[in-house]
Amino acid sequence: GRGGGGDGGGGAVGGGLGVVDANDIDYPNYEDDQALITSFLREHTILTSSSNADGGTGGDDDDSSDVLLEPSADPQTSKPLRRIPCYPPHFQRIKNRHYYNQSHDNHTFVVEIPLSELTSWDSIRGLDVAQRILSNTLRYHDLICTVIDSILQSMEVTSLDDNGDENAGDGGVENESRRRRDANDVWMEQRIAAAQQERQASTDATGGEEGGLDNDEAVVRRQQQNANEATEDFPPLLMRRYELRILPMGRRGMLPPFAQQHFATKTISTEEEDVGVQKSIAEGTVSSAAGPLGVSLRHIRSRSMGRLVTIRGMVVRTSDVKPACVVATYTCDACGCEIYQVVQNRREFMPQRNCPSDVCRGQNRVGGETLYLQTRGSKFVKFQELRLQELPSQVPMGHIPSE
């Protein structure tokens with residue numbers, strides 16, 4: 001930068017701009033935020049009517065221990081309202097593979113996190129975390145997925161009765177046998193069994209000691225690897241059967257468990273949507289009662305990088321729906337190891353050719369391409385590109401629409 005009176009690098013210091021010390025930056029405490037999000041997912045409740053409260057909870061018994069009857073706050077309805085747990089029944093369905101639409105081919109659950117629900121659960125701490133999620137969405141997306149994985153890990157598979165409702169069974173083996181399993185479950189079970197056998201064999205070779213110089217060096221090498229490089233560890237993304245969606249402030253959830261959520265009717269005047277809040281809307285901090293107000297494409301700048309923003313426009317071109325690889329699985333013809341690569345770029349990635357296992361590294365196989373991609377063991381998601389254009393009302397006079 002250029003400072004007052006100085007030139008070159010010396011002018012930046014003399015001009016009063018200064019250098020920001022990394023220790024002076026107030027970084028968020030991710031451990032506290034993770035604990036708060038865990039409490040939110042376990043304790044949050046939603047308001048539903050009694051006739052629709054069985055969507056995801058199983059049964060209409062008003063005497064259930066997880067249901068709280070409340071007086072109706074909506075004068076337009078005479079149905080009694082009750083408050084039910086929001087996410088635990090939905091997570092139990094994910095654990096049991098109990099899909100809402102059994103005839104649909106897409107066996108993937110969707111977990112919606114409306115930030116307005118987080119603020120209504122805790123108006124002080126929840127609002128602070130919601131603002132940090134808006135400003136650093138990608139980082140908190142991974143953090144919320146880690147919380148959901150830990151919750152699913154602590155849950156047990158429950159049996160299903162004749163109506164398809166979850167019941168707590170007596171035996172875990174019987175419940176596991178009644179769990180809806182598909183080809184991916186069988187594949188993952190074989191992977192975990194092979195990894196356990198390999199770990200047991202390495203432990204027996206070292207005399208039953210977990211440590212050792214070779215093992216420590218292997219751990220250090222795995223920690224120094226890039227996130228986009230191949231590794232022998234199971235990626236958490238490969239084990240997930242859900243898709244996480246973070247909804248901005250003011251946007252309600254549309255899928256279970258929010259499909260049957262009750263909202264009190266409220267009259268909204270058009271005067272509440274003022275044009276003077278466009279600057280705050282561009283930062284993703286202001287929304288109307290009907291939903292988040294979108295911002296024009298020309299207001300998307302470098303400050304929006306990593307943030308959760310809502311834009312308005314019209315779609316002028318769409319691409320075909322294509323499979324995008326998110327986790328690439330390889331097998332090594334030399335050592336027989338299974339290697340995983342988390343793909344960061346959805347559009348293209350460079351396949352791995354050299355095996356990073358300790359066996360191939362010890363034999364110094366340099367230049368030998370021994371890895372081969374296994375499409376059946378990899379994970380793909382649907383990928384589509386949209387081309388957006390500004391609305392005619394958003395284009396200033398004398399300008400062309402931005403795309």
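In this predicted model, contact means heavy atoms within 4.5 Å.

Q: Which residues does Val111 touch, not counting residues up to four places away in sequence?
A: Val111 lies in the largest nonpolar core, where Val111 is among the residues that touch the most other members. Strand 4 (109-114) is one of the elements that give two or more residues to this core. Leaving out residues up to four places away in sequence, Val111 touches Tyr87, His90, Phe91, Ile94, Ile148, Tyr242, Glu243, Leu244 and Arg245.

Q: Which element gives the most to the largest nonpolar core?
A: The core has 35 residues, and Leu41, Tyr87, Phe91, Val111 and Ile148 touch the most other members. The elements that give two or more residues include helix 2, helix 3 (88-96), helix 4 (115-121), helix 5 and strand 8 (242-247). With eight residues, the element that gives the most is helix 6.

Q: How many residues are in the second, separate core?
A: Nonpolar side chains tend to be buried together in soluble globular proteins. Apart from the largest core, a second one includes Cys325, Ala328, Cys337 and Ile339. The number of residues in this second core is 10.

Q: At what angle do helix 5 and helix 6 pack?
A: Two packed helices are described by the angle between their axes and the distance between the axes. Arg132, Ile133, Leu134 and Ser135 on the helix 5 side meet Thr137, Tyr140 and Ile144 of helix 6. The residues of this contact are four nonpolar, two polar and one charged. The axes are 6 Å apart, and the angle is about 120°.

Q: Which residue forms a salt bridge with Arg132?
A: Side chains of opposite charge can pair when their charged atoms come close. In the salt bridge of Arg132, the closest N and O atoms are 2.9 Å apart. Arg132 sits in helix 5 (residues 125-135) and the partner in helix 2 (residues 30-43), so the pair ties together parts that are 99 residues apart in sequence. The partner is buried, with a relative accessible area of 4%, and is Asp33.

Q: Is Arg132 buried or partly exposed?
A: Buried means under 20% relative accessible area, and exposed means over 50%. The relative accessible area of Arg132 is 29%, which lies between these cut-offs, so Arg132 is partly exposed.

Q: Which residue forms a salt bridge with Arg125?
A: The search of the whole structure finds six salt bridges. Arg125 is partly exposed, at 49% relative accessibility. The partner of Arg125 is buried, with a relative accessible area of 16%. The closest N and O atoms of the pair are 2.9 Å apart, and the partner is Asp122.

Q: What is the N to O distance in the salt bridge of Glu243 and Arg245?
A: Glu243 counts as partly exposed at 37% relative accessibility, and Arg245 counts as partly exposed at 33%. Val111 touches both Glu243 and Arg245. The side chains of the two meet in a salt bridge with an N to O distance of 3.4 Å.

Q: Which side chains make polar contacts with the side chain of Glu390?
A: Glu390 is in the segment after strand 14 (386-389) and is buried, with a relative accessible area of 1%. Beyond four places in sequence, the residues in contact with Glu390 include Leu297, Met314, Val395 and Pro401. The polar contacts of the Glu390 side chain include one at 2.4 Å with Ser296 and one at 2.8 Å with Arg298.

Technical notes:
Residues numbered from 1 in each chain as written. Predicted model: local features only at pLDDT ≥ 70, side-chain atom pairs only at ≥ 80, totals over all residues. Heavy atoms only, no water. Helix = DSSP H or I, 4+ residues; strand = E, 2+ residues; numbered from the N terminus. Buried < 20%, exposed > 50% of the residue type's maximum accessible area, 1.4 Å probe, protein only. Polar contact = N/O pair within 3.5 Å; in protein donor to acceptor, adjacent residues only side chain to side chain. Salt bridge = Lys/Arg side-chain N within 4 Å of Asp/Glu carboxyl O. Axes fitted to C-alpha atoms, helices over the stretch in contact; angles between N-to-C directions. Nonpolar A, V, L, I, M, F, W, Y, C, P; charged D, E, K, R; others polar. Core = buried A, V, L, I, M, F, W, Y, C linked by side-chain atoms within 4.5 Å.
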